[in-house]
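This briefing is meant to be read beside the sequence and the coordinates. It begins with a term that the later points rely on and then moves from the bonded cysteines to the chain and its surface.

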Amino acid sequence: MKKYILTLLLIITAGISSAAAQGVIGKWKTIDDETGKAKSIVEIYEENGKIYGKVVEILNPAKKKAKCTKCKGEDKNKPILGLIIIKGLEKDGNEYTDGDILDPNKGKLYSCTIKLKGKNKLKVRGYIGFSFIGRSQTWIRV
């Protein structure tokens, strides 16, 4: 009986550790906070100790070839597919902060924080100035 309980505890611990190790890295389905509809798949990755996110799939067939016409700087008129929309986040405790997120539909760059909510949900917050003035989305792991 003790072996059974010990084995069960080890399996549970391994599962929790695996989910924690996976972290925010991976592919996420973006859900529009205004419409509730899935819009794209963003791949979040680490580069030089910082977190970035790139649009790897657009779910609406009519927008697959859309460009970031309202963007400024180097992102202006780039295809949204392949566009890096999360830039330079740094780990701060259990969330990632001090980076930016681009809204390609509006062409605006916002300060950003992301935080894992369980192993398959990601809270993404974009804001200007103070984090309580902004918008949040929940993305789902693919």
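A disulfide is taken here to be a pair of cysteine sulfur atoms within 2.5 Å. The model is a predicted one, and it holds 1 disulfide under that criterion. The protein chain that carries this bond comprises 142 residues and contains 1 helix and 8 strands.

**The disulfide and its cysteines**

- Cys68 and Cys71 are the two partners of the disulfide, and in this model their sulfur atoms are 1.5 Å apart, so the pair falls within the 2.5 Å cut-off.
- The torsion about the S-S bond of Cys68 and Cys71 comes to about 40°, and the disulfide is therefore right-handed.
- Is Cys68 buried or exposed? With a relative accessible area of 0%, Cys68 is buried, and its partner Cys71, at 2% relative accessibility, counts as buried as well, because the limit for that class is under 20%.
- Cys112 is likewise a buried residue, its relative accessible area being 0%.

**Chain architecture and overall exposure**

- Followed along the sequence, the elements of the protein chain are arranged in the pattern α-β-β-β-β-β-β-β-β.
- Buried residues account for 32% of the 142 residues in the protein chain, while the area that the chain exposes is about 9,200 Å², of which carbon and sulfur atoms supply 57%.
- When contacts in the protein chain between residues at least 6 apart in sequence are considered, 36% of them join residues that are at least 24 apart.

**The loop between β7 and β8**

- Which residues make the nonpolar surface patch of about 380 Å²? The patch is made by Phe130, Phe132 and Ile133, and one of these, Phe130, is found in the loop between β7 and β8.
- Phe130 has a relative accessible area of 55% and is classed as exposed, because that class begins over 50%.
- Ser131 also lies in this loop, which runs between β7 (121-127) and β8 (134-141), but with a relative accessible area of 38% Ser131 is partly exposed, since its value falls between the 20% and 50% limits.
- Although Ser131 and Ser111 are 20 residues apart along the chain, their C-alpha atoms are separated by 8.1 Å.

Notes: Residues numbered from 1 in each chain as written. Predicted model: local features only at pLDDT ≥ 70, side-chain atom pairs only at ≥ 80, totals over all residues. Heavy atoms only, no water. Helix = DSSP H or I, 4+ residues; strand = E, 2+ residues; numbered from the N terminus. Buried < 20%, exposed > 50% of the residue type's maximum accessible area, 1.4 Å probe, protein only. Contact = heavy atoms within 4.5 Å. Areas by Shrake-Rupley, 256 points an atom, 1.4 Å probe, with all protein chains shown as cover. Patch = residues over 30% accessible without salt bridge, like charges linked within 9 Å, V, L, I, M, F, W, Y side chains within 5 Å. Salt bridge = Lys/Arg side-chain N within 4 Å of Asp/Glu carboxyl O.
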